Structures are given as structure tokens and as C-alpha cells.
Amino acid sequence: MLEKLFKLKENHTSLKQEAVAGLTTFLTMAYIIFVNPMMLADAGMDHGAVFVATCLAAAIGCLVMGIVANYPIALAPGMGLNAFFTYTVVGEMGYTWETALGAVFLSGICFLVLSLVRIREWIVNSIPMSLRLGIAAGIGLFLALIGLKSAGIVVASPVTLVTMGDITAFPAVMAAVGFFLIIAMVQRGMKSAVVVSILSITLLGLVFGDVQYTGVVSMPPSIMPTFMKMDLASVLEISMISVVFAFLFVDLFDTSGTLVAVAQRGGFLDDKGRLPRLKRALTADSTATIAGAMLGTSTTTSYIESTAGVSAGGRTGLTAVVVGLLFLLSLFISPLASMVPAYATAGTLFYVAILMMSGLVHVEWEDLTEAAPVVVVCILMPLTFSIATGIAMGFISYAVIKLMSGRYKDLSVGVVVLAVLFIAKFIYG
């Protein structure tokens with residue numbers, strides 16, 4: 001059955017090789033089990049229910065990707081999108097988390113439609129590479145700021161807006177230790193570095209009496225506090241268009257970039273540099289987002305950590321299926337997840353920020369009309385504490401700079417339309 005479904009011999013792999021690859025991928029991305037519930041809990045959602053939703057959404061995404069698309073690409077609720085959900089849509093804009101879930105659901109539907117009618121390629125190609133790189137880096141800086149804030153390393157100041165907190169306090173010290181552990185272990189080639197760091201800092205919290213022991217294994221908590229709690233009626237308001245677009249936009253480029261990166265690493269591209277079964281892969285991603293919103297979590301997307309599994313020998317969808325099954329087994333460690341303090345994940349957020357900022361090396365810094373909008377996005381996204389604002393200002397600045405520099409031929413229809421829409425939003429609210 002496995003041979004017929006995944007074509008193991010044709011892809012020169014085996015059950016053992018795929019299982020090892022799946023375990024490798026899971027260990028590199030399992031941190032989301034601890035980080036996502038904690039982040040969405042800040043939006044007022046039930047921690048236990050989000051934990052279950054996170055595991056189930058990841059499992060569904062991985063199983064669909066593995067069985068339908070037959071690619072070793074794992075999915076889970078995306079970093080950055082969960083921060084946008086909590087701190088921008090709910091925290092800054094004042095919407096309820098039910099409305100935010102509705103926006104995620106609608107963005108998933110839009111993503112599915114775009115994937116089926118092949119409009120995705122036009123949208124992706126119409127957006128300049130510099131803006132894509134800037135948005136990814138800006139989200140990384142946004143996550144870094146959240147991590148520093150949660151650890152008390154950066155605090156508010158009435159004089160300078162932000163300033164250094166008490167870096168000798170226990171949370172700040174533990175966050176720094178966690179970050180250093182991750183970097184050291186990753187540099188030594190340890191695949192499970194992030195998870196080991198989170199668990200190690202949690203253990204230190206227990207030893208020093210800052211964390212209360214509640215157990216490790218139990219039956220999964222109830223998902224009912226978040227299951228099917230989407231407020232779809234509120235999403236239909238005009239003011240929510242930019243929110244839905246932001247969820248869709250970030251997921252679209254995150255998924256596209258991940259698919260290409262994993263395909264290049266695994267040698268899955270055809271002679272023309274295209275990815276076979278692309279529609280199936282995109283369908284799996286959008287389906288996971290829709291299912292995740294129904295269960296009670298932010299946007300589910302493909303993970304770049306899948307490259308770790310491909311490097312370990314993963315060649316078929318069986319790798320993704322193994323990851324999905326491991327996420328299902330993770331449902332039984334909810335007591336452990338609930339013990340993890342915020343400072344234990346702060347180092348993780350900073351590490352993810354480093355990964356997301358690495359793409360800045362590809363920006364054409366000699367061309368100011370390309371470089372300036374990137375800096376605008378990177379600066380404004382964390383300082384306004386809003387991914388949506390950063391994206392909007394990036395498009396507006398790109399269009400205005402190109403026009404004023406006489407480089408209007410560099411502008412695509414998509415960029416101009418989006419820039420005009422964002423300007424209209426700022427004017428009319």
C-alpha cells in the first residue's frame with residue numbers, strides 16, 4: 001500500500017529512510033506546539049484548546065500534503081501570522097479573536113480559489129522580490145521584538161518609547177540562556193535544538209521554583225472553547241478587507257517560498273524549473289488553513305524546516321505523514337506545554353527572526369529604489385507593532401519612489417493597485 005501510494009522505489013527511498021526524515025522534520029518544528037498556544041492565549045483564547053487545535057491543524061496539513069501531493073513538506077500554524085493575529089488584529093485593531101479566526105478562514109478560502117484557478121502565479125510574479133524579502137525580514141524583526149518584550153529585556157518608556165529592562169531579572173537571563181543554547185546547538189548540527197532549548201529553560205524554571213510542575217502526559221484538553229467559534233459576519237465588514245488580505249498575502253508568499261526552497265533542496269523541480277503537482281501542494285496548504293480556523297488556530301502554512309527532513313533523506317509524502325502522526329501523538333503532552341513560561345520561548349522567537357532576516361542578503365542595496373522600501377517595511381513593521389501596516393507602507397513607498405525616480409516601468413499593475421488601495425484605507429480608515 002505504501003509503495004502504491006508514495007512510490008518509494010521510484011523515488012529511491014524506503015520506509016526507514018522516510019521515518020527518520022519525518023522525525024527529523026518534526027524535531028525542528030515541534031517548538032510550535034509550545035509557542036502557538038502561548039501566543040494565541042494573549043488574544044484571550046483558551047490555551048488548552050489552542051494546543052489541541054495546533055496539533056490537529058498541523059496533523060491535517062501534513063497528512064493532506066503527504067497523501068494528496070506526495071511531497072515531504074510539513075505544515076503547522078505559521079510564526080509571524082500568529083503574532084499578527086494576536087498583537088495586531090486583536091490587540092491593536094480591537095477585533096475579537098472570533099472575528100480574527102473568521103478572517104483566517106476567509107483567507108484560506110481565497111487561497112484555495114487562487115490555487116485552483118491558477119491566479120497565484122500572476123500575483124506572486126507581480127510583487128517585486130525586494131518587497132517579498134523586506135516583508136519576511138520585517139516579520140522577523142516583529143517576532144524579535146515580541147520575544148524581547150515577553151522576557152522583559154525591552155520595556156516601555158515615556159521618554160524614549162522603548163528602553164532596556166532589568167536584564168539581571170530571572171526571565172531576561174533565562175531568555176538569553178535559551179537563545180545562546182539554540183545558536184550553539186544549531187551550529188553543532190543538532191536538529192532538535194529549539195525544542196531542547198525550550199524544555200531546558202522550562203526545567204531550569206522548575207528547579208528555581210519559578211514554574212509549577214503540572215505533569216507531562218495526560219488526555220488532550222477540550223477543543224470546544226475554540227472549535228467552530230469563527231465570527232464570519234464581522235469579517236464581511238469593509239474594514240476587515242486589509243486584515244484578510246494580510247493573512248492571505250503573507251501565507252501566499254510564505255508557502256511559495258517554502259515550496260521552492262524545499263523542492264530545490266530535494267531536486268523535485270522539473271527540467272523547466274517548475275514544481276510538479278504544484279496545485280495539489282497549494283490545495284493542501286489552503287485546506288490546512290481552513291481546517292485550522294475551524295479548529296481554533298491562526299493560519300497554517302508550509303514550514304521551511306522541512307528542508308531538514310529532505311536533507312535527512314525524505315523524498316516522498318510519507319515523510320510528511322510521519323510528521324503528522326507525531327503531531328497527533330503530541331496531543332497527550334498538554335501538561336508539559338502548559339508549563340512552558342514565556343521566557344522559555346523568547347529565545348526561539350529571536351532565533352526565528354534571524355532565519356527570516358537572512359534573505360536581506362539578496363536585496364539590491366546599490367539600487368536605492370529597491371532598497372529604500374525594504375528598509376521602510378523592516379523599520380515600520382516592528383515599530384508600529386503591525387504586520388499589516390508594514391506591508392501597506394512598503395507597497396506605498398515602493399510605488400511612490402519608483403514614480404518619482406522615473407522608474408515607472410518597474411511597476412506592475414498589481415503593485416499600483418495595492419498601493420492605491422492602501423492609501424485609500426489610510427485616508428478613509
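How far is the sulfur of Cys62 from the closest cysteine sulfur, and which residue holds that other sulfur? Have a guess while I get going. One thing to keep in mind is that we're looking at a predicted model.

Okay, here's the answer: the closest one sits in Cys55, 11 Å away, and that's too far for a bond. A disulfide, remember, is a covalent bond between the sulfur atoms of two cysteines. In this structure the count of disulfides is zero. Cys62 itself is buried, with a relative accessible area of 0%. Cys110, on the other hand, is partly exposed at 28%.

So what about charged side chains? The whole structure has four salt bridges, and I'd like to walk you through some of them. Start with Glu370 and Lys402, whose side chains meet at 2.8 Å, N to O. Glu370 belongs to helix H18 and Lys402 to helix H19, so this pair ties together parts that are 32 residues apart in sequence. Both residues are buried, and for Lys402 the relative accessible area is 0%.

Lys402 has another partner, too: Asp410, at 3.0 Å from N to O. Asp410 then also pairs with Arg407, where the closest N and O atoms are 2.8 Å apart. Put the shared partners together and you get one network of Asp367, Glu370, Lys402, Arg407 and Asp410. Unlike buried Lys402, Asp410 is partly exposed at 33%, and Arg407 is partly exposed at 30%.

Stay with Glu370 for a second, because it leads us to Ser130. Which residues does Ser130 touch, leaving out those up to four places away in sequence? They are Glu370, Val374 and Tyr398. Ser130 lies in helix H8 and is buried, with a relative accessible area of 6%. Here's a fun one: Leu360 is 230 residues away from Ser130 along the chain, yet their C-alpha atoms are separated by 8.5 Å.

Helix H8 lets us do a quick sanity check. It runs over residues 129–150, and with 22 residues at 1.5 Å each it should span 32 Å; the end C-alpha atoms are 32 Å apart, so that agrees. After H8 comes Gly152, with a positive phi near 75°.

Speaking of phi, most residues other than glycine have a negative value. Met228 goes the other way, at about 55°. You'll find Met228 in the loop between helices H10 and H11, partly exposed at 41%. Phe385 also has a positive phi, near 55°, and it's in the loop between H18 and H19.

Now for the nonpolar parts. The largest core holds 102 residues, and the ones touching the most other members are Met79, Phe85, Phe247, Phe327, Ile391 and Phe395. Helix H4 gives this core its largest share, nine residues. There's also a second, separate core of 20 residues, including Phe111, Leu282, Ala284 and Ala288. Zoom in on Phe395: setting aside neighbours within four places in sequence, its contacts include Ile127, Leu131, Phe249 and Phe422.

Last stop, Asn82, in helix H5. Is Asn82 buried or exposed? Buried, with a relative accessible area of 0%. Beyond its neighbours within four places, Asn82 is in contact with Ile32, Asn36, Met39, Leu40 and Ser298.

That's my tour, thanks for listening!

Key
Residues numbered from 1 in each chain as written. Predicted model: local features only at pLDDT ≥ 70, side-chain atom pairs only at ≥ 80, totals over all residues. Heavy atoms only, no water. Core = buried A, V, L, I, M, F, W, Y, C linked by side-chain atoms within 4.5 Å. Buried < 20%, exposed > 50% of the residue type's maximum accessible area, 1.4 Å probe, protein only. Helix = DSSP H or I, 4+ residues; strand = E, 2+ residues; numbered from the N terminus. Contact = heavy atoms within 4.5 Å. Expected span 1.5 Å × (residues − 1). Disulfide = S-S within 2.5 Å.
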